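Me: I am new to this structure and should be grateful for a close look at a single part of it. Please set that part within the whole as well.

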Amino acid sequence: MIKSEKPAIFRSERETLKVTFLVFSGSSIMCVASAVDPLRAANRISGETLFDFKLVSVTGEAPVTTCGLPVAVSGRFDAAEATDMLVVVAGFGTQNYATSALLAGLRRAARAARACGGVEAGTWLVARAGLLEGRSATTHWEDMEDFSAAFPGVDVRPDRYVIDGPVFTSGGASPTFDLMLHLVRTRLGMAAALDVASVFIYDQARAATDAQPLVSLGRLDGYDPRLAQAIRLMEAHVDQPLTIDAVAKRAGVTARTLESIFRKSIGETPGAYYLRLRLSAARRLVVDTRIAMADIAGRTGFSSAAAFSRAFSRAFGEAPVRLRRG
């Protein structure tokens with residue numbers, strides 16, 4: 001990190017991160033969702049506002065995405081308003097928005113923020129503001145040749161997403177989800193990232209540096225296949241939990257090896273992860289349904305409603321009945 005640069009946001013940290021999404025008309029609705037929804041899911045899973053995000057536009061009016069759906073925003077982009085992370089989301093027609101006033105605003109906001117970057121064609125606006133000069137970056141593969149010609153001072157790469165110091169760029173909707181999942185993983189840990197990926201039934205086994213056209217084959221980059229197999233077994237047996245010995249045997253390893261894999265990859269034991277997986281499922285049922293607590297206990301593998309309530313209270317700081325009332 002250059003001494004003059006602020007500390008990276010992609011690091012272990014549980015302090016609330018304030019995020020501003022500047023969305024332009026012509027953006028893909030999938031890019032907007034891929035940028036916002038993983039952070040929303042992380043907040044919901046954790047029960048805390050770890051990502052305090054808002055959406056804005058240049059005019060304060062709802063930008064219209066390429067499919068015709070407008071995106072509700074909270075107001076106009078204010079370059080003087082404090083934020084930790086500025087994300088510029090754009091698609092078609094960026095040349096129409098690159099006014100001197102906007103570019104000056106992006107530069108001002110970027111100087112004050114801890115990180116800033118562009119999603120898909122948002123990279124063009126970030127580059128036109130001079131924020132990518134001398135740095136590595138990516139954009140959508142269709143625009144890569146033109147982007148390289150327009151910004152010779154930028155090291156353009158065909159990667160899914162690129163993080164260079166306080167500046168980040170992504171090539172499209174799926175890489176943006178990868179990027180946000182990486183943000184969750186680095187700040188909150190692998191277990192939290194797995195939880196967020198599971199909310200969307202999202203599989204991703206490619207690294208940031210993989211070329212954009214490659215097909216994604218699994219969940220999360222860098223995992224041990226035995227970890228994925230063990231987690232799938234746990235997911236399939238939430239109501240009637242397997243013993244860790246049984247999970248290990250079905251995954252083709254010893255219990256000791258499985259514990260080593262979990263500690264290395266997730267930072268907790270298989271038993272702790274399995275319990276948290278079941279409690280997360282229980283929490284969704286408590287919050288999103290009116291199912292009786294005794295039935296929720298049975299569906300998530302607890303011997304009684306009392307045992308479920310005790311475990312739930314230890315994990316989330318309040319009893320399930322109180323959470324549902326609140």
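**A loop residue and a covered helix**

Reply: Arg290 lies in the loop that runs between α10 (270–288) and α11 (293–299). The model is a predicted one. Arg290 counts as exposed because its relative accessible area is 67%, and the cut-off for that term is over 50%. In sequence, Arg290 and Arg324 are 34 residues apart, while their C-alpha atoms are 8.7 Å apart in space.

Helix α10, which comes before this loop, is also one of the elements against which the buried residues of α6 pack. The others are α1 (29–46), α5 (173–188), α7 (225–236) and α9 (255–265). Helix α6 spans residues 190–199 and is mostly covered, with eight of its 10 residues buried. These are Met190, Ala191, Ala192, Ala193, Leu194, Asp195, Val196 and Ala197. Just after α6, Ile201 adopts a positive phi of about 50°.

As for the whole, the protein contains 13 helices and eight strands. Buried residues account for 50% of its 326 residues. Among contacts between residues at least 6 apart in sequence, 62% join residues at least 24 apart. The radius of gyration is 22 Å, which agrees with the value near 20 Å for a compact globule of 326 residues. Along the principal axes, the C-alpha trace spans about 65 × 45 × 40 Å. The protein exposes about 15,200 Å², of which carbon and sulfur atoms supply 52%. There are 39 positive and 33 negative side chains, and the centres of these two sets lie 8 Å apart.

Methods: Residues are numbered from 1 along each chain as its sequence is written. This is a predicted model: local features need pLDDT of at least 70, side-chain atom pairs count only at pLDDT 80 or more; totals for chains, interfaces and linings use all residues. Side-chain values use heavy atoms; hydrogens and water are left out. Helices (H or I, at least four residues) and strands (E, at least two) are DSSP runs, numbered from the N terminus. Buried means under 20% relative accessible area, exposed over 50%, partly exposed in between (1.4 Å probe, protein chains only). Contact means heavy atoms within 4.5 Å. The radius of gyration is taken over C-alpha atoms; the globule rule is 2.2 Å times the number of residues to the power 0.38. Accessible areas come from the Shrake-Rupley method with a 1.4 Å probe; for residues, only the protein chains shown count as cover. Lys and Arg count as positive and Asp and Glu as negative; His and the chain ends are not counted. The place of a charge is taken as NZ of Lys, CZ of Arg, CG of Asp or CD of Glu.
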